[in-house]
Amino acid sequence: MGLEMLSSMFGGLGTGSLSVPNRSNEPPEQLYATQLSQLQEMGFFDTQENIRALIATSGNVHAAVERLLGNSGGQ
């Protein structure tokens, strides 16, 4: 039971991308609340950009940081 919860919290470990279990009911701000606060503590204050990065990385904070750093100088 606990493993399923962890797996769902971490985006199913990258599997089953076609099916989105129960997570679709929650807005991204709520779904990724913990990750958003972590990003803000690291100095990433653009909430919408943070949400886009977290959605693209299934909530992986480390990958989101890399994505945000990569996007910051490219535009």
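Let's start with Gln35, which sits in helix α3. Keep in mind as you look around that this is a predicted model. Is Gln35 buried or exposed? With a relative accessible area of 12%, Gln35 counts as buried, because the cut-off for buried is under 20%. Its side chain also has a partner: it reaches the backbone oxygen of Gly59 at 3.4 Å.

Now take in the whole of α3, which covers residues 33-41. Gln35 has company here, since the buried residues of this helix are Gln35, Leu36 and Leu39. If you look down the axis of α3, these buried residues fall within an arc of 100°, so they line one face of the helix. The general rule behind such patterns is that an α-helix has 3.6 residues a turn, so residues three or four places apart point the same way. Turn to the other side of α3 and you'll find Thr34 and Glu41, both exposed. After the helix comes Gly43, with a positive phi near 105°.

Stay with Leu36 for a moment. Which residues does Leu36 touch, leaving aside its neighbours within four places in sequence? Leu36 is in contact with Pro28, Glu29, Thr47, Asn50, Ile51 and Leu54. Some of these names come back in the next part of the tour.

That part is the largest nonpolar core, made up of eleven residues. Leu36 and Leu39 belong to this core, and so do Ile51 and Leu54. The other members are Tyr32, Phe44, Ala53, Val61, Ala64, Val65 and Leu68. Helices α3, α4 and α5 each supply at least two residues of the core, and α5 gives the most, with four. In soluble globular proteins, nonpolar side chains tend to be buried together.

Next, hop to the loop between α4 (47-56) and α5 (61-72), where you'll meet Thr57. Thr57 has a relative accessibility of 17%, so this loop residue counts as buried. What does Thr57 contact once its neighbours within four places in sequence are set aside? The answer is Ala63, Ala64 and Arg67. Ala64 is a name you've already seen, as one of the core residues.

Finally, how confident is the predictor about all this? The chain averages a pLDDT of 78, and 61% of the residues score at least 70. Over residues 12-22, though, the pLDDT is below 50. Beyond near neighbours in sequence, that stretch has two contacts in the model.

Note on methods:
Residues are numbered from 1 along each chain as its sequence is written. This is a predicted model: local features need pLDDT of at least 70, side-chain atom pairs count only at pLDDT 80 or more; totals for chains, interfaces and linings use all residues. Side-chain values use heavy atoms; hydrogens and water are left out. Buried means under 20% relative accessible area, exposed over 50%, partly exposed in between (1.4 Å probe, protein chains only). The arc is that of the directions from the helix axis to the C-beta atoms. pLDDT is the predictor's confidence in each residue, from 0 to 100. Contact means heavy atoms within 4.5 Å. A nonpolar core is a set of buried Ala, Val, Leu, Ile, Met, Phe, Trp, Tyr and Cys residues joined through side-chain atoms within 4.5 Å. A polar contact is a pair of N or O atoms within 3.5 Å; within protein, one must be able to donate a hydrogen and the other to accept it, and residues adjacent in sequence count only if both atoms are side-chain atoms.
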